[in-house]
Amino acid sequence: MKEKYYITTPIYYPSGALHIGHCYCTVAADSIARYKRLKGYDVKFLTGTDEHGQKIEEKAKAAGVTPQKYVDDIVVGIKQLWKDLDITNDDFIRTTEERHTKIVQKIFKKLYDQGDIYKGEYEGKYCTPCESFWTETQLVDGKCPDCGREVKVVKEESYFFKLSKYQDRLLKYIEEHPDFIQPESRKNEMINNFIKPGLEDLCVSRTSFSWGIPVDFDPKHVVYVWLDALTNYITALGYMSEDDSEFKKFWPADLHLVGKEIVRFHTIIWPIMLMALNLPIPKQVFGHGWLVINGGQKIGKSFGNYVPPQEYIEKYSLDAVRYFLLREVPFGSDGNFTEDSLIHRTNSDLANDLGNLVSRTVAMIEKYFGGIVPEGKAENAYSASLKEVIQKSVSEVESYMDKLEIGKALESIWNIISRANKYIDETMPWALAKDESKKDELATVMYELAETLRIISILLRPYLSKTPEKIWAQLGVSENLEWEDAKTFGLLKPGTKVQKGANLFPRIEKKAEEKPAVKEEKKAVEEEKKDYISIEDFEKVSLKVAKVLEAEKVEGSNKLLKLKVSLGSEERQIVAGIQKYYEPEDLIGRKLVIVANLKPVKLKGIESQGMVIAAGDGEVVKALFVDDAVEEGQDVH
């Protein structure tokens with residue numbers, strides 16, 4: 001019987017379209033799942049969506065649709081994105097599905113009946129976008145420590161889960177299972193910052209909104225997000241259902257792959273819930289870093305830097321995007337995404353190194369042996385070194401993947417590619433071809449290069465979705481090659497017919513920079529065309545700092561947001577064409593700059609009493625925000 005392997009991503013919150021950072025986690029999980037399948041494991045790979053909560057309810061209301069309709073539309077896009085990235089998940093769980101909601105109600109009732117859930121009243125600081133309560137000491141400058149947004153005091157009747165009851169047991173478990181929380185820095189953070197200072201009982205129901213799973217024995221309550229969301233990992237397997245065969249087979253999970261911002265939920269709340277249910281704890285929770293953009297900024301519409309991931313795929317290819325995400329970012333640390341670095345990786349590693357190796361090898365076999373892979377009759381002075389690098393790298397890839405060091409595994413594969421390119425320079429097949437007496441030596445070079453490509457193609461299977469089959473097509477290999485086939489050198493059959501195809505990765509040419517002299521000439525012409533204004537003209541414009549109090553989409557428009565802003569001594573309504581770049585709730589509490597003495601106008605029948613100052617080229621627009629220390633109503637000069 002095959003050994004099982006159960007891997008999960010977090011279930012993503014469908015409040016809006018996913019970005020390239022979400023793709024990073026899912027592509028990483030996909031590469032691990034593909035690797036384990038190739039190694040012979042019976043793999044279960046789960047992803048999905050977390051669809052309940054106040055934020056979804058509010059966004060649906062602003063959009064004029066039901067919450068179910070709102071999430072249904074977004075989930076279609078998420079599933080299409082995973083299809084575009086060729087993600088090989090075995091299941092997709094939605095928390096609005098009956099198979100999930102029914103079991104959540106059973107779990108809630110079981111924990112209540114055994115005394116681990118009790119009714120009380122909650123008062124605390126609540127961040128709606130993060131769906132999280134915070135204590136006063138956890139706030140940073142009075143704001144949510146995760147997203148930096150404003151929090152509000154919430155007081156309501158709630159059910160509570162006894163986290164505190166299991167605190168000592170959890171600490172003992174973590175200490176006895178050192179690999180449970182990875183990387184090590186996350187484990188230390190959980191122990192020292194959350195567990196040892198003391199766990200507070202967890203609010204697990206809400207009455208102030210209705211978009212959630214009803215508590216069946218107290219219907220005015222809905223199950224609060226973490227008890228609902230975290231249980232997806234077992235409801236998807238059929239826990240407490242009529243057919244629980246998958247649960248018995250795959251639980252406990254071998255790996256929960258999550259972003260670092262939700263490690264505490266997966267390593268504190270989730271294992272305690274499982275302890276209360278008398279279920280095994282997952283073997284490992286790995287908290288990866290964030291993929292940030294342009295030197296450190298988080299990615300999202302609210303930051304004005306959102307680009308649909310499909311645009312990168314269409315522009316640079318699926319495997320270029322997958323390779324960059326897996327190779328560029330040290331797994332567990334934050335990584336930086338820029339299009340320039342994506343282009344550089346594609347040109348350097350994929351086009352120059354891998355693509356050229358395939359093209360040169362196949363072209364030389366066609367030129368010197370009529371497209372037929374010759375038999376390698378005798379090793380040359382460089383054969384042993386080439387094979388040694390291959391053997392070492394195959395072993396390293398396995399070792400790195402077992403430690404989830406995906407980028408290092410790819411680096412080891414590229415060691416083979418680099419060695420093979422060097423092997424061409426060392427053996428100089430073009431020189432051997434000129435001497436008929438060295439025909440056998442040339443045959444050995446061609447065979448060993450083709451065989452090296454066969455092994456490389458197998459090693460790339462977990463990471464690059466389309467490239468291995470393209471290499472097989474050029475090598476004339478018809479069957480799928482399995483992982484173990486990479487461990488023996490010499491399995492490619494002489495006599496196989498190669499066929500040169502298109503370049504695997506055409507080099508990406510960036511638009512050439514204009515010469516300085518041309519730039520200066522254009523600049524001079526533009527200077528002449530400018531209509532300058534005097535300082536007196538500028539002083540006629542009143543720029544002020546405004547704090548956003550409310551924000552909502554304008555009905556019937558996909559461009560406009562209606563904002564209610566405070567200027568300190570007065571409040572105003574402004575209509576701004578920034579809907580494409582910001583979610584309404586992401587603007588609330590932030591301070592921006594407006595033109596305060598602009599003549600009021602009506603847009604879509606709504607009066608706008610000012611104009612938001614923004615920068616951009618029409619493709620990406622960013623509002624001009626100011627530091628929180630600046631009071632609203634102050635002049636900008």
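Modeller: Accessible areas here come from the Shrake-Rupley method with a 1.4 Å probe, and for residues only the protein chains shown count as cover. By that method the protein exposes about 29300 Å², 49% of it supplied by carbon and sulfur atoms. The model is predicted: local features need pLDDT of at least 70, side-chain atom pairs count only at pLDDT 80 or more, and totals for chains, interfaces and linings use all residues. Residues are numbered from 1 along each chain as its sequence is written, and side-chain values use heavy atoms, without hydrogens and water.

Biologist: What makes β12 a strand?

Modeller: A strand is a DSSP run of E with at least two residues, numbered from the N terminus. Strand β12 covers residues 285-288, so β12 fits that definition.

Biologist: Why are both faces of strand β12 called covered?

Modeller: Buried means under 20% relative accessible area, exposed over 50%, and partly exposed in between. Val285 and Gly287 on one side are buried, and so are Phe286 and His288 on the other.

Biologist: How do you know that β11 and β12 pair?

Modeller: Two strands pair if DSSP finds at least two bridges between them. Strand β11 (residues 255-259) is joined to β12 by 4 bridges, and the two run parallel; therefore they count as paired. One of the bridges sets His256 against Val285.

Biologist: Why is the crossover from β11 to β12 called right-handed or left-handed?

Modeller: The term right-handed applies if, with the strands pointing away from the viewer, the path from the first strand over the helix to the second runs clockwise. Here the chain passes from β11 through helix α10 (residues 263-276) to β12, and this β-α-β crossover is right-handed.

Methods:
Buried < 20%, exposed > 50% of the residue type's maximum accessible area, 1.4 Å probe, protein only.
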